[in-house]
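Colleague: Could you take a close look at one part for me, the largest cavity, and then at the salt bridges? Which residues line that cavity?

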Amino acid sequence: MNLAIRSGDHPSDLLFVNFNQDCTSLAVGSKSWYRLYSLNTVDKLESIYESESEDVCIVERLFSSSLVAIVSISSPRKLKVCHFKKGTEICNYSYSNSILAVKLNRQRLIVCLEESLYIHNIRDMKVLHTIRDTPPNPTGLCALSINNDNCFLAYPGSNQIGEVQIFDTINLRAVTMIPAHDNPLAAIAFNAQGNRVATASEKGTVIRVFSVPDGQKLFEFRRGVKRCATIYSLAFSVDSMFLAASSSTETVHVFKLETPKDNKTEEAQGWMGYFGQALKTSANYLPTQVTELFHQGRAFATARLPSSGLINVCALSVIQKIPRLLVASQDGYLYIFNLDPTDSNECVLVRQHRLDGLTGDSHVTEVTPYDKPLTHQQSTTSYASTVKKPEATVGAGTNMAPPDSIAKILDSEPYQEMDQGATGGEDLKGLGQLRLDDDNEFPPMTHKND
């Protein structure tokens with residue numbers, strides 16, 4: 001998450017913090033360095049790489065590979081793609097405006113500007129398509145599915161209401177528009193399979209989950225009733241059974257994505273049973289806003305942060321065979337909570353680590369470890385309705401690499417200049433050195449998920 005464009009009244013040396021696609025590492029950018037940390041254990045925050053670079057406001061790592069995308073405050077329109085293990089710059093591109101967000105998966109690299117999105121082929125960094133004239137998106141809100149079969153991009157289709165535009169980055173076409181909320185969007189996230197998308201609006205009280213690509217609403221959860229909040233991040237568990245939401249409050253909510261089973265044989269008896277049936281019957285005659293309350297799920301579990309009002313990003317992962325809730329905060333700490341998938345209690349804080357690499361305040365409390373891994377269980381015309389079709393050509397008089405894997409790209413092959421705002425790629429000496437078939441540098445592509 002780019003903290004530089006969201007810092008508000010809480011200035012911090014940290015400019016960026018985010019988890020990689022499978023939550024195996026954490027990237028942190030600051031005013032004087034950027035670091036990559038391993039998340040293989042909760043006992044310590046092991047540094048993978050550290051670079052003394054000034055004002056790094058975006059640093060995105062591609063899974064567990066050595067490829068990172070970097071943007072700095074001093075050059076906000078310039079994207080650098082680097083091989084951090086070799087300490088080399090692979091290529092760089094310049095855009096017409098400041099880069100607000102960069103998203104990566106094994107097939108695409110997305111560059112988000114305030115009013116446009118550039119879709120690159122990550123194998124040769126060629127610009128495949130440009131989505132222009134998007135509604136103003138000052139925080140660079142967008143999400144890219146990490147699934148190869150459902151390689152979708154989600155971004156706001158309006159800055160007035162909460163429309164989500166779903167775009168197919170493989171076939172380069174608009175798929176659907178989801179009318180998710182009445183208020184503008186604040187957070188979007190795909191699950192690992194790319195067939196669900198979670199959304200939250202600026203009001204911050206309701207979180208919804210939709211199926212992709214058809215856009216059907218699957219779940220609706222209420223974060224809170226008493227107060228509105230700014231939702232900073234949403235994150236699915238790897239099996240899509242849980243959804244975490246962090247916000248400007250001190251509470252992080254975890255929702256369980258399960259459909260209530262019909263149970264007609266065990267009706268509640270007595271007064272409570274009668275009262276429940278009366279509520280269900282009367283709900284048919286109440287206003288829509290009231291009846292929705294009866295169908296909105298509540299948090300399965302919660303976690304408490306030390307303070308509120310700080311920007312943060314959350315993730316759900318399994319570390320050392322135990323489900324964990326991770327929260328990286330603007331206060332300079334990574335908080336690690338245990339999440340019991342069978343018990344809807346408050347999550348236990350087991351560790352907190354300083355993101356500046358210094359020791360101290362890392363040990364919080366000892367809890368009895370348990371091995372409970374997460375398990376699978378069976379309108380108004382807007383921009384969203386007028387998305388442009390892919391353009392036939394990108395530009396002329398340019399240098400562009402052939403559509404080959406990075407490992408096959410030669411230094412001498414010409415590269416094409418990117419049309420209107422995406423220029424660069426002339427110096428690609430490191431591109432051929434990035435081995436995409438090496439598990440240590442680039443995880444193998446998976447075409448099917450069983």
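Modeller: Sure: the lining of the largest cavity is made up of Ser247, Ser248, Thr249, Leu305, Ser307, Ser308, Gly309, Leu310, Asn312 and Ser329. A cavity here is a set of points on a 1 Å grid over the protein atoms alone where a 1.4 Å probe fits but cannot get out, and lining residues have an atom within 4 Å of a point. Bear in mind that this is a predicted model, where local features need pLDDT of at least 70, side-chain atom pairs count only at pLDDT 80 or more, and totals for chains, interfaces and linings use all residues. Numbering runs from 1 along each chain as its sequence is written, and side-chain values use heavy atoms, with hydrogens and water left out.

The space in this cavity is about 30 Å³, a volume being the space filled by probe spheres set on the grid points. Its lining splits into two nonpolar, eight polar and no charged residues, with Ala, Val, Leu, Ile, Met, Phe, Trp, Tyr, Cys and Pro taken as nonpolar, Asp, Glu, Lys and Arg as charged, and the others, Gly among them, as polar.

On to the salt bridges (a side-chain nitrogen of Lys or Arg within 4 Å of a carboxyl oxygen of Asp or Glu): the count is seven. One of them pairs glutamate 250 with arginine 304, closest N and O atoms 3.7 Å apart. Glutamate 250 sits in the loop between strand S22 (242-247) and strand S23 (251-256), and arginine 304 in strand S24 (residues 301-304), 54 residues apart; strands are DSSP runs (E, at least two residues), numbered from the N terminus. Glutamate 250 is partly exposed at 23% relative accessibility, as is arginine 304 at 42%, since buried means under 20%, exposed over 50% and partly exposed in between (1.4 Å probe, protein chains only).

Definitions and conventions:
1 Å grid on protein atoms, 1.4 Å probe; cavity = no way out; pocket = protein on both sides within 12 Å on 5 of 7 lines; lining within 4 Å. Helix = DSSP H or I, 4+ residues; strand = E, 2+ residues; numbered from the N terminus.
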